[in-house]
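Hi,

Here is the structure I promised to pass on. Have a look at it first, then read my notes below.

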Amino acid sequence: QVQLVESGGGLVQPGGSLRLSCAASGTIFSIYAMGWYRQAPGKQRELVAAITSGGSTNYADSVKGRSTISRDNAKNTVYLQMNSLKPEDTAVYYCNADMITLPGRVNYWGQGTQVTVSS
């Protein structure tokens, strides 16, 4: 069974940093784009950052300059380093990956990890 497992969320003070990780496991033949989304209470889920298999990246304007997405293809893992965190970054962060698995090309979601920025 293919799954994405996130880790690294938690409570951090404004101005602090967090590093989120997301590891894909199971029978995976190839991973295309990987990304991080977030959803705050009462708001729609939004893209935070994404990275292609070749390493091209894009970021939401709200996190540009404060966050870095990276991936380790050998470990099927994507990371999100977030710095200078603000209270408005508080949300559940979801990992997403476009993968070739036994059923074919499928888009997968992780279960989410809570990030709370508060003093």
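Two rings of Phe, Tyr or Trp count as a pair if their centres lie within 6.5 Å, and for Trp the six-membered ring is used. Keep in mind that this is a predicted model.

With that in hand, how many aromatic pairs does the structure hold? Just one. The partners are Tyr37 and Trp109, with ring centres 4.9 Å apart and planes at 65°. Planes over 60 degrees apart count as edge-to-face, so that is what this pair is. The pair also links distant parts of the chain: Tyr37 belongs to strand S4 and Trp109 to strand S10 (residues 104-109), and they are 72 residues apart.

Are these two residues buried, exposed or something in between? Tyr37 has a relative accessible area of 24% and Trp109 has 37%. Buried would need under 20% and exposed over 50%, so Tyr37 is partly exposed, and so is Trp109.

Now find Arg45. This residue lies over the face of Trp109, at 4.6 Å from the ring centre. The charged end of Arg45 also sits over the ring of Tyr94, 3.7 Å from the centre of that ring.

Then there's the inside. The largest nonpolar core has 30 residues, and those with the most contacts inside it include Trp36, Leu80 and Tyr93. Several strands give two or more residues to this core, among them S4 (28-39), S8 (77-82) and S9 (91-101). S9 gives the most, with five residues. Try clicking on Leu80: its contacts include Leu20, Trp36, Val48, Ile69 and Tyr93.

Cheers

Definitions and conventions: Residues are numbered from 1 along each chain as its sequence is written. This is a predicted model: local features need pLDDT of at least 70, side-chain atom pairs count only at pLDDT 80 or more; totals for chains, interfaces and linings use all residues. Side-chain values use heavy atoms; hydrogens and water are left out. A nonpolar core is a set of buried Ala, Val, Leu, Ile, Met, Phe, Trp, Tyr and Cys residues joined through side-chain atoms within 4.5 Å. Buried means under 20% relative accessible area, exposed over 50%, partly exposed in between (1.4 Å probe, protein chains only). Helices (H or I, at least four residues) and strands (E, at least two) are DSSP runs, numbered from the N terminus. Contact means heavy atoms within 4.5 Å. Rings of Phe, Tyr and Trp (its six-membered ring) pair if their centres lie within 6.5 Å; planes under 30 degrees apart count as stacked, over 60 as edge-to-face and the rest as tilted. A charge sits over a ring if NZ of Lys or CZ of Arg is within 6 Å of the ring centre and within 35 degrees of the ring normal. Lists of a residue's contacts leave out its neighbours within four places in sequence.
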